[in-house]
Amino acid sequence: MTTTEGNGGNEAGGGGGGDWAAGGRHTWDDGLIARRAHRRTAGRAAGRPARAMDQGAAEEAAPDIPGAAAGFFPGEEPGRRSFGGPPYAVYQAGVRSFATGTLRPRLEALRQLVGVSRSRLEGRTLAGAARVLDEADARGRHPYGHTVVAVAGATGSGKSTLFNALAGAPLSETGIRRPTTATPLACAWTDHADGLLDRLGIPAVDRRNPGYPYDPALRGLVLLDLPDHDSAAPGHRERVDRLLGLVDAVVWVVDPEKYADAVLHERYLRPLAGYAEVTFVVLNQVDRLPGEAADQVLDDLRRLLDEDGLALGEHGEPGAAVLALSALTGEGVGELREMLARLTAECGAAERRLSADVDGTMTRLRPQYVADSGPVGLTERARAEFEDRLAEAAGAGAAGKAAERAWLRDAEWACGTPWGRLRGRKSRASGGGSRGGSRGSRAPRAGEWTEIPGARARTVAVEAVTARPAVEEAVRTLGDEATAGLPGPWARAVREAAGWGGRGLAEAVDEAVAAETARRRPVRPVWWSMVAAAQVTVLLVQVMGVLWLLGAMAGVFGGPESWMPALLVMGGAAIGPALAWGSRAAARGPARRHGRSVEGRLREAAAECGRRRVLEPVETELARYGEVRAQYVIAAGGA
């Protein structure tokens, strides 16, 4: 990068932007339009347009102030300075407590956001937000009536000359020696800026008063002359960077040679694009540009600022102000002074500056709080699927079917014929013991639903598998669905909550299902007993008929009614199976209802265990993220 220094920003520099430097290396195009325009109009000095004020007359009127002319101070007669009132009128009009309006809720939301997020985000991630809050608290101890404006620029841009012109006195040293400004210099239009200047680290020896008489429109203004941001002297850039982070507004001074300087645009203007409303960009030394060259350079400067993302307020909309002036001759300085006066009178520069600080912080924090990958939260479908997976792992469906079959088998046993009962008892005895026998001697039968131990059931209806993998898969799936659309830190928090709850979940489901199974046993319907009594009656009738028939055949019983025994035997043989078949058909509906009831109770037991151990912690983390997200929206200004 080519750097050119001039005398107070008024000496034309050399160096060709667009030329090839030694070694064939292309340099940055610094002020190409300005130099071309200067070459086109070289030798036409006699035709330069007349200035609004003759420079010689200006220097004669105020020989100690560069660029000052007769009538420079309001109400002043040529050659005489009047004091017209107290030197520093105490600024009262418009003084407000800090952080009013929309900034206060944003700062409060940011403070809560930082507090809630400390357990989820790294400290360095929140360090920027903490600094903004600290600076807001520090600035809030001083009223809005004091507006701190820094004059910044590169070496030779003429910022010290502009500082003196605005102050109305030769306060800052100007000259050929570079860098001229070694330490920040302050000029305050108020007697009550000591607190602000102490915060800025400006020692008392570097604090100045403006020239008399004091412009009442500038009351409350604190103007700083910063060192050159591109100075080769050690420590100058660090001082500039520190103060630029503390002041309320900045006047960037550029000259026709280095208005396109890469350092200025890449290090300062581009990163500070969000501070357009408290930024002024002035093209100084326009007295060096003949003809229409000043307009061409100003247009090119606006183009570069637009590329930097710096919004320009050229048509009344909020944005950076761009204007051309000459600090040496005073041309355009009055317009800048009026802009600063309006900025000070509005008493809103500090709030706008801090709002921009908050905006930048929220933009940097956005990936930590906002994700653009879809909806956020745990849907009802995801909850239902998680409970279904737990119920399947607990064997609730198989247990319900087994309970249904057991109900039908018990109904068949209770309502069957006595001969059928006898055959069933013999088959059960040969199969491994009675219902009340020890379960350790055989595997549980499907009909014995009360013996199903839960998530690790081994029945004839369910293949012998452990439920732990199924439970772990259900927890992982729930965690994935719950974190869909969540930013990284909060997604990790939700997964951790699900993982902690998933530890020991299979065993907990086993215990809950086993407890529910032991507590709920089927109730024998009354009609089973009635049918059983009917079957016994039918059996007795059959026995009576057989005895009667045998007696008749032996001649013990005789008579015309000898067909009655045969009818009793045949009727009993038909009625008993018919009652058993009808009872089995009648038991199917209640058996289905009983199976569904058993399945529902086991599903609810498994689901309650999953809700308590997994769903509730996950929903707690999601609710916490919802609160954080709401605070982020407020801190971001409703974005």
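Gly571 is placed in helix H19 of this predicted model, a helix that covers residues 563-635. How exposed is Gly571? With a relative accessible area of 23%, Gly571 counts as partly exposed, because this class lies between the buried limit of under 20% and the exposed limit of over 50%. A second glycine helps to locate this part of the chain: the C-alpha atom of Gly571 is separated by 9.5 Å from that of Gly545, and the two residues are 26 apart along the chain.

Helix H19 also holds Arg593. This arginine has a relative accessibility of 51% and therefore counts as exposed. Arg593 belongs to a positive surface patch, whose other members are Arg588, Arg592 and Arg596.

A patch of another kind is made of nonpolar residues. Val543, Val546, Leu547, Leu550 and Met553 form this patch on the surface, and together they have about 490 Å² of accessible area. One of these residues, Met553, is found in helix H18, which runs over residues 526-553. Met553 is exposed, because its relative accessible area is 65% and the exposed class begins over 50%.

We can now turn to the sheet. It is an open sheet of seven strands, and reading across it gives the order S3-S2-S4-S1-S5-S6-S7, with mixed pairing. Which strands form the edges? They are strand S3 (207-208) and strand S7 (321-324), each of which pairs on one side only. The neighbour of S3 in this order is S2. Strand S2, residues 185-188, pairs with S3 in the parallel sense, over two bridges. Within this pairing, Cys187 stands opposite Arg208 of S3.

Further across the sheet, strand S5 (residues 249-254) and S6 also pair in the parallel sense, here over five bridges. Val250 has Thr279 as its bridge partner in S6. Why does S6 count as largely enclosed by the rest of the structure? Five of the five residues of S6 are buried, so the strand is largely enclosed. A general rule helps in picturing this: in a regular strand, side chains alternate between the two faces of the sheet. In S6, Thr279, Val281 and Leu283 are buried on one side, while Phe280 and Val282 are buried on the other, and both faces are thus covered.

The loops hold some backbone details of their own. In the loop between S3 and strand S4 (221-225) lies Pro213. The peptide bond that leads from Tyr212 to Pro213 is cis, and its omega is near -10 degrees.

Gln285 sits in the loop that joins strand S6 (279-283) to helix H9 (293-307). The phi of Gln285 is near 65 degrees, a positive value in a residue other than glycine. Is Gln285 buried or exposed? Its relative accessibility is 2%, so Gln285 counts as buried.

Cys347 offers another example of a positive phi in a residue that is not a glycine, with a value of about 55 degrees. Its place is the loop between helix H10 (333-346) and helix H11 (349-369). Cys347 counts as buried because its relative accessibility is 1%.

Key. Residues numbered from 1 in each chain as written. Predicted model: local features only at pLDDT ≥ 70, side-chain atom pairs only at ≥ 80, totals over all residues. Heavy atoms only, no water. Patch = residues over 30% accessible without salt bridge, like charges linked within 9 Å, V, L, I, M, F, W, Y side chains within 5 Å. Areas by Shrake-Rupley, 256 points an atom, 1.4 Å probe, with all protein chains shown as cover. Salt bridge = Lys/Arg side-chain N within 4 Å of Asp/Glu carboxyl O. Lys, Arg positive; Asp, Glu negative; His and termini not counted. Charge placed at Lys NZ, Arg CZ, Asp CG, Glu CD. Helix = DSSP H or I, 4+ residues; strand = E, 2+ residues; numbered from the N terminus. Buried < 20%, exposed > 50% of the residue type's maximum accessible area, 1.4 Å probe, protein only. Pairing = 2+ DSSP bridges.
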